Amino acid sequence: MAESSPSNDLRQILKLMQKREREHAAEMQELRNAIADLKENMAHGGANSHVLQWIFKAKQFFEYYDTPDEQRLTITAIHFEKEVVSWYQMMQRNNPIVSWNTFVRSLELEFGPSPFESPRSTLFKLNQSTSVHEYYVQFIALANKIYGVSSEALLDCFISGLKPDIRREIIAQAPNTILKAISLARLFEEKYSFKPRPYHPNTSKNTTPNTSPTTTQSYTNPSQQPLLPTPNQRPFPQTFRPNTIKRMSPAEMQSRGEKGLCYTCDEKFTANHKCPNRQYTFLQVEYEKEEEQTNTDIPALEQHLEHHLSLNALKGAAGVGTMRFQGSLNGMTIQILLDSGSSDNFLQPRIAHCLRLPVEEMSSLQVLVGNGNAMLTEGVIKEIQVKVQGHTLTLPVYLLPVSGADLILGAAWLATIGPHIADYRSLALKFYLDKKLITLQGELPTLPNPAELHQLHRLCKTDAIAELFTLQLTQPLPLEDDGLVIPENIEPEIALLLHTYRMIFATPKGLPPNRSQNHSIPLLPDVHAVRVRPYKYPHSQQQQIESMVHQMLAEGIITHITSSFSSPFILVKKKDGTWRFCTDYRALNAVTIKDRFPIPTVEELLDELFGAKFFSKLDIRSGYHQIFVHPADRCKTAFRTHQGHYE
């Protein structure tokens, strides 16, 4: 037993070593396959815009196999090909890459997308030109590159780029996610691209096959073929007999009944008799129902399968294809809008209720509005008589709450008047009514006039307007070269952020804006004006003082003043050799009421930084020039030079 125990242990150790060797071989094979994929993608990394995808795959690969940082560059460099090899050799010769992160940043800057590209604008302009799947792939690729856009905005952008017929169906379904929208878009794409199969009539079992040559029939547009095409072959073979019902006279039925024979065959009829000639007959009974004839008298309204209302009719805007008239309905003056872009005639419901017109109830009719939404009608009036410029027009209308006009005359009314001449330049409509040529002259569009204060006050009191805004014209600040230098070893995201907000780092010019907390200088009671004798400065600094004062005057930071306050100034040299203009306000601070602000504890601030990875420091350029001084205290900041008195 003592000899067998070591042999068993040795055998188990050998099996374990073989198992680990097989696992290692499998991992190495998987590593070779993954490297081959990286090799194929890297060979084309400099020729397309998929370098970011390759970097993502490479990071996932190295993190999965826990590859050390110093080995990642070696593994990647082995599989470089084509122009990538030349670029890597140049980088190693001029500025050697020593870390994986540095290599990734260099690769993004060289072969990645430019930080000045705008995928947001490309996404907003994207439209479907092929299939829904290809459009969805392009949309997701662009949406993955932008940040700060809400999911609702992305959903609206995706729906607006679809084809018109699919977009209209998707808007009616009102999806709340992109996943639901793409599912509906694929479903409606199959609906519009469906083509029915050719019709092949079925034949009975006893028919013989037709051996004559047949032609292949495919589905085409019905509008391109005659209404009743002549078939090139018989719909049924010659042996097909659709009517095989045997009719018997009463005498024959009585004779068969006396002999005990079946009515359809010559066999004896028993309880278990199964007739070989039995047939099934379909009996259909139709009941006459009293249908409501609500819409039979308005054929002009029902000729349109899709009811729509243009944006001009909805908002009352004057556009091409519209005319305005003034008419009367049952003695009430109404505004009429002729809009060829609307499908039907629409009347304000409040006018119908006010005049007590005979409104008939109907199922809610959905009307597609020009802004992409849908509205429901509140009823229908079969016939109204409207007087326009001495002529009486009879027409049916739907009730729809629109703000464009009291009555909308759409394409349904234009179809009833027959041939007509519409001159939208001179706003004239000519047509025949009762064999007489009628000319309706439209009204010129009225431009908005300046409103007075008492008119706006009355509109606010009567709740006629929802909100009131004041517009002020301001000149935009020109973007100048701020001289912002971005280091080469900075993260691409931070570099893009600094470039986007480069105007923040520009040299400030002029006075800072008026804020809620401006700087004030309260003095102690019974304190007179502070006046300190100017310091003596070398003659070599005189030209520098004049230059700095002239620059501050040009930027609007200081101005000439006559004040009883005066503080000295001094020039202090910076580390870069330039001069800093400093004003000595120690005498003024001695008679100023001090503010007491609570200073936070340093230990508490350090506790708040627990878990943070990125730290930033802000150094305000010319910080004292960016603090707005209260106008009443500006005279206290006065200083004096050999050229004059300034504040």
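User: Hello! To get my bearings, how many helices and strands are there in the chain?

Analyst: Welcome! What you see is a predicted model, and its chain has 20 helices and 16 strands. Of the 647 residues, 27% count as buried. Among contacts between residues at least 6 apart in sequence, 60% join residues at least 24 apart.

User: Let's take helices. How are two packed helices described?

Analyst: Two packed helices are described by the angle between their axes and by the distance between those axes. Try helix 2 (residues 51–64) and helix 3 (residues 69–78): their axes come within 12 Å and cross at roughly 125°.

User: What does that angle make helix 2 and helix 3 to each other?

Analyst: An angle between 115 and 145 degrees falls in the oblique class, and helix 2 and helix 3 are therefore oblique to each other. Their crossing is right-handed.

User: Which residues make the contact?

Analyst: Helix 2 brings Trp54, Phe62 and Glu63, while helix 3 brings Arg72, Ile75 and Thr76. Sorted by class, this contact has 3 nonpolar, 1 polar and 2 charged residues.

User: Now for strands. How do the strands of a sheet pair?

Analyst: Strands of a sheet pair through backbone hydrogen bonds, and the pairing is either parallel or antiparallel. A good case here is strand 7 (residues 380–388), which pairs with strand 8 (residues 391–399) in the antiparallel sense over 7 bridges. You can find one of the partners yourself: Val386 is matched with Leu393 in strand 8.

User: What do strand 7 and strand 8 form, and how many residues are between them?

Analyst: They form a hairpin, with 2 residues between the strands. Look at Gln389 in the turn, where phi is positive at about 50°. Strand 7 also pairs with strand 2 (residues 322–329), again antiparallel, over 3 bridges. There, Gly327 has Val388 of strand 7 as its bridge partner.

User: Could you show me a sheet and its edges? Which strands stand at the edges of the sheet with the order 10-11-12?

Analyst: That is an open sheet of 3 strands with antiparallel pairing. Strand 10 (420–423) and strand 12 stand at its edges; each has a single partner strand, so one side of each is left without a neighbour in the sheet. From one strand to the next, the twist averages 20°. Strand 10 is joined to strand 11 by 4 bridges, and Asp423 stands opposite Ala428 in strand 11.

User: Let's finish with single residues. Is Thr377 buried or exposed?

Analyst: The cut-off for buried is under 20% relative accessible area. Thr377 has 6%, so this residue is buried. You will find Thr377 in the loop between strand 6 (374–376) and strand 7. Leaving aside neighbours within four places in sequence, Thr377 is in contact with Ser364, Leu365, Val367, Tyr398, Leu399 and Leu400.

User: And Asp434: buried or exposed?

Analyst: Exposed means over 50%, and Asp434 counts as exposed at 67% relative accessibility. Asp434 is in the loop between strand 11 (428–433) and strand 12 (436–441). This residue has a positive phi of about 55°, although it is not a glycine.

User: Where is Asp526 found?

Analyst: Asp526 is in the loop between helix 17 (492–500) and helix 18 (542–555). Though not a glycine, Asp526 has a positive phi of about 60°. With a relative accessible area of 79%, Asp526 is exposed.

Terms used:
Residues numbered from 1 in each chain as written. Predicted model: local features only at pLDDT ≥ 70, side-chain atom pairs only at ≥ 80, totals over all residues. Heavy atoms only, no water. Axes fitted to C-alpha atoms, helices over the stretch in contact; angles between N-to-C directions. Parallel < 35°, antiparallel > 145°, perpendicular 65-115°, else oblique. Left-handed = near helix turned anticlockwise from the far one by under 90°. Contact = heavy atoms within 4.5 Å. Nonpolar A, V, L, I, M, F, W, Y, C, P; charged D, E, K, R; others polar. Pairing = 2+ DSSP bridges. Buried < 20%, exposed > 50% of the residue type's maximum accessible area, 1.4 Å probe, protein only.
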